[in-house]
Amino acid sequence: MKGDRVEIVVDAGDTTRTYEVVASRAGRRVETVVRRGVVEVSEVTRRGTVVRTARFMANRVLALVEQPVPRQPLREDPET
């Protein structure tokens, strides 16, 4: 969903760096995958096409914070 966000905090030697990947348009989402020592965060369209990807070495990642957009509760029909 538009507004989904993942923050990645990475050890950069003597300091830390923070990166953000945000779903920038309606219908896009952010997916996170960890494989073979690499953390991969991607912005993906509804059909599964990757728009952009950020890759980090897993041993350098200090924190990975997923912040989904608050979803609106479904309206219930009033009882008659």
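Which residue in the turn of the hairpin formed by strand 4 and strand 5 has a positive phi? That residue is Gly48, with a phi of about 95 degrees, and the hairpin places five residues between its two strands. Please keep in mind that this is a predicted model. The points below walk through its hairpins, its open sheet, its one aromatic pair and some of its salt bridges.

**Strands 3, 4 and 5**

- Strand 3 (29–35) and strand 4 (38–44) run antiparallel and are joined by seven bridges.
- Within this pairing, Arg29 stands opposite Val44 of strand 4.
- The hairpin of strand 3 and strand 4 has two residues between the strands, and Arg36 sits in that loop.
- Arg36 is worth a look: its phi is positive, at about 50 degrees, although the residue is not a glycine. Arg36 is also exposed, with a relative accessible area of 85%.
- On its pairing with strand 5, strand 4 is again antiparallel, over seven bridges. Here Ser42 has Thr53 in strand 5 as its bridge partner.
- Six of the seven residues of strand 4 are buried, so this strand is largely enclosed by the rest of the structure.
- Val34, in strand 3, is exposed at 57% relative accessible area. Its C-alpha atom is separated by 9.6 Å from that of Arg55, 21 residues apart along the chain.

**The open sheet of strands 2, 1 and 6**

- Three strands make up an open sheet in the order 2-1-6, with antiparallel pairing.
- Strand 2 and strand 6 (61–67) stand at the edges with a single partner strand each, so one side of each is left without a neighbour in the sheet.
- On average, neighbouring strands of this sheet are turned by 15 degrees against each other, direction ignored.
- Strand 1 (residues 5–11) is joined to strand 6 by six bridges, and Glu7 has Val65 in strand 6 as its bridge partner.

**The aromatic pair**

- One aromatic pair turns up in a search of the whole structure.
- The ring centres of Tyr19 and Phe56 are 5.2 Å apart and the planes meet at 40 degrees, so the pair is tilted.
- This contact links distant parts of the chain, with Tyr19 in strand 2 (residues 16–22) and Phe56 in strand 5 (residues 50–57), 37 residues apart.
- Phe56 is buried at 12% relative accessible area, whereas Tyr19 is partly exposed at 35%.

**Salt bridges**

- The whole structure holds eight salt bridges.
- Arg60 and Asp11 meet through their side chains at 3.3 Å, N to O. They link distant parts of the chain, 49 residues apart: Arg60 lies in the loop between strand 5 and strand 6, and Asp11 in strand 1.
- Both partners are partly exposed, Arg60 with a relative accessible area of 39% and Asp11 with 27%.
- Glu40 forms a salt bridge with Arg55, with 3.0 Å between the closest N and O atoms. This pair joins strand 4 to strand 5 across 15 residues.
- Which partner is buried and which is exposed? Glu40 counts as buried at 17% relative accessibility, while Arg55 counts as exposed at 59%.
- Arg29 pairs with Glu31 in a further salt bridge, the closest N and O atoms again being 3.0 Å apart. Arg29 is partly exposed at 30% relative accessibility, and Glu31 is partly exposed at 33%.
- Arg5, Glu7 and Glu20 are linked in a salt-bridge network.

Note on methods: Residues are numbered from 1 along each chain as its sequence is written. This is a predicted model: local features need pLDDT of at least 70, side-chain atom pairs count only at pLDDT 80 or more; totals for chains, interfaces and linings use all residues. Side-chain values use heavy atoms; hydrogens and water are left out. Helices (H or I, at least four residues) and strands (E, at least two) are DSSP runs, numbered from the N terminus. Buried means under 20% relative accessible area, exposed over 50%, partly exposed in between (1.4 Å probe, protein chains only). Rings of Phe, Tyr and Trp (its six-membered ring) pair if their centres lie within 6.5 Å; planes under 30 degrees apart count as stacked, over 60 as edge-to-face and the rest as tilted. Two strands pair if DSSP finds at least two bridges between them. Axes are lines fitted to C-alpha atoms, for helices over the stretch in contact, and angles run from 0 to 180 degrees between N-to-C directions. A salt bridge is a side-chain nitrogen of Lys or Arg within 4 Å of a carboxyl oxygen of Asp or Glu.
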